[in-house]
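Got a model on the screen and a few features to make sense of? Let's walk through it together.

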Amino acid sequence: MTPVRKTRTTRRTMTAGRAGLTGLLGAALALTLAAPARAGATPTASTTASGPAPAAAAPAPVPGAGWRLTPTGTDVRFRGLAAVDHRTAWAAGSRGTVLRTTDAGRSWRDVSPPGGEGLELRDVEALDARRAVVLAIGEGEASRLLRTEDGGATWTEAFRNTDPRAFYDCVTFLDRRHGLALSDPVDGRFRILSTRDGGRTWEVLPDSGMPAALPGEAGFAASGQCLVTADRGHGGDVWFATGGGATARVFHSADRGRTWTVTDSPVPGGDPARGVFGLAFRDREHGIAVGGDYRAGQPSPAAAAVTADGGRDWTPAGTPPPAYRSGVAWLPHSRTAALAVGPTGTDLTRDGGRTWRTVDTGSYDTVDCAPDGGCWASGEKGRIARLARR
């Protein structure tokens, strides 16, 4: 069994944290509940010529605010999450489970694809409240893409991998029509799958523009964030993150996945369990990478890094999260605030990822925020939470 295969198998096991709250998470909520941007404006994309625009004064903390667990009625692990708005979200997890809420998490509807109980769903991308694409991971035909246009009432299998060497990890959409999916290396290069019709059909892109992979290098199907775009509809920029090789790296494409450049990150690699697990870009320049060593009890001394030039250069966080983190999301209506999550807690940054402070000790694998300020997190034992006033 090669190190990459071993990573794929063991990355599914992580530890739980104990739920808790601090006032700083209330401050994060205050940011998301700030006055909405003007119609048509993009609240998180403002920059200056020299980097991020100065942050406005943070609102006062909201007393008693934090993650509010919602009743899902299941114990599956949800590593795939898509926030549509503060009322609507999709979650995808083990045993082929897909849930959807349209009432802010007060109830979740099981909209799982029929006959999919054997699928390991690790990513979901929602084009809107009714249209979504889910990714099943695994070797060979276990990797599949399924699509719904009616809120999960019916599903269509849009792609089934027939190459036993491929293993798909993540999927993302640049806009409502153009999307990409990432496979671990085949013949020494990462494989990219592309759609131009909203996920109805997919094709493997040529790998001539893809740099060679390192020995043992792979993506982590841990949070649905190993392949990401910036704000949808803003060009062809897309990034993916790796681990398992000697160096944890970040790849970037500016032409919807046809050609790529690659940069070393300061997040430690050198082991099948270490690397960059999640990325978030608030615009085509400013991004955050999180990761570490997912094994319980193992140190992750440099679990976050930031870039201000689209990923050409990465700087380690001065005060990183204290442990492995698999998911990260920028808070809407703020140019400098973001949340990172992992099995041992949630961390908040107010300075664009340079310093982090733990604000919750509950276990989550991924986090996503919608443009209207709705933020969601999900993880093991059926846990799905919404950032809300208590």
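What follows is a chat between a learner and a teacher about reading this chain.

Q: Before we start, what kind of model is this, and how are residues numbered?
A: It's a predicted model, where local features need pLDDT of at least 70 and side-chain atom pairs count only at pLDDT 80 or more, while totals for chains, interfaces and linings use all residues. Residues are numbered from 1 along each chain as its sequence is written, and side-chain values use heavy atoms, with hydrogens and water left out.

Q: How many helices and strands does the chain have?
A: Helices (H or I, at least four residues) and strands (E, at least two) are DSSP runs, numbered from the N terminus. Here the chain comes to two helices and 30 strands.

Q: What share of the residues is buried?
A: Buried means under 20% relative accessible area, exposed means over 50%, and partly exposed sits in between (1.4 Å probe, protein chains only). Of the 390 residues in this chain, 59% count as buried.

Q: And how much surface does the chain expose?
A: Accessible areas come from the Shrake-Rupley method with a 1.4 Å probe, and for residues only the protein chains shown count as cover. The chain exposes about 14,600 Å², with carbon and sulfur atoms supplying 51% of that area.

Q: What percentage of contacts join residues at least 24 apart?
A: A contact means heavy atoms within 4.5 Å. Take the contacts between residues at least 6 apart in sequence: 57% of them join residues at least 24 apart.

Q: Let's turn to sheets. In what order do the strands of the open sheet with strand 16 run?
A: Strands of a sheet pair through backbone hydrogen bonds, either parallel or antiparallel. Two strands count as paired if DSSP finds at least two bridges between them. In this open sheet of four strands the order is 16-17-18-19, and the pairing is antiparallel. Strand 16 (227-229) and strand 19 (261-264) are the edges; each has a single partner strand, so one side of each is left without a neighbour in the sheet. From one strand to the next, the twist averages 25 degrees (axes are lines fitted to C-alpha atoms, for helices over the stretch in contact, and angles run from 0 to 180 degrees between N-to-C directions).

Q: How many bridges join strand 18 to strand 19?
A: Four bridges join strand 18 (residues 249-253) to strand 19, and the two run antiparallel. For a spot to look at, V250 stands opposite T263 in strand 19.

Q: What is the strand order in the open sheet that includes strand 12?
A: That open sheet has four strands in the order 12-13-14-15, again with antiparallel pairing. Strand 12 and strand 15 stand at its edges with a single partner strand each, so each has one side without a neighbour in the sheet. In the middle of that order, strand 13 and strand 14 pair over six bridges, and L180 has S194 in strand 14 as its bridge partner.

Q: Now salt bridges. How many does the structure hold?
A: Side chains of opposite charge can pair when their charged atoms come close. The cut-off for a salt bridge is a side-chain nitrogen of Lys or Arg within 4 Å of a carboxyl oxygen of Asp or Glu. The structure holds 23 of them.

Q: Which residue does E149 pair with, and where do the partners sit?
A: E149 forms a salt bridge with R200, with the closest N and O atoms 3.0 Å apart. E149 lies in the loop between strand 10 and strand 11, and R200 in the loop between strand 14 (189-195) and strand 15 (203-204), so the pair ties together parts that are 51 residues apart in sequence. E149 is partly exposed at 41% relative accessible area, and R200 is partly exposed at 46%.

Q: Is D187 buried or exposed, and what is its partner?
A: D187 is exposed, with a relative accessible area of 62%. D187 forms a salt bridge with R165, the closest N and O atoms being 2.9 Å apart. R165 counts as partly exposed at 38%.

Q: Last one: which cysteines form disulfides?
A: A disulfide is a pair of cysteine sulfur atoms within 2.5 Å, and the structure holds two. C170 and C226 form one, with sulfur atoms 2.0 Å apart. This pair links C170 in strand 12 to C226 in the loop between strand 15 and strand 16, 56 residues apart. Both C170 and C226 are buried. C369 and C375 are joined by a disulfide too, at 2.1 Å from S to S. Its torsion about the S-S bond is about 110 degrees, so the disulfide of C369 and C375 is right-handed.
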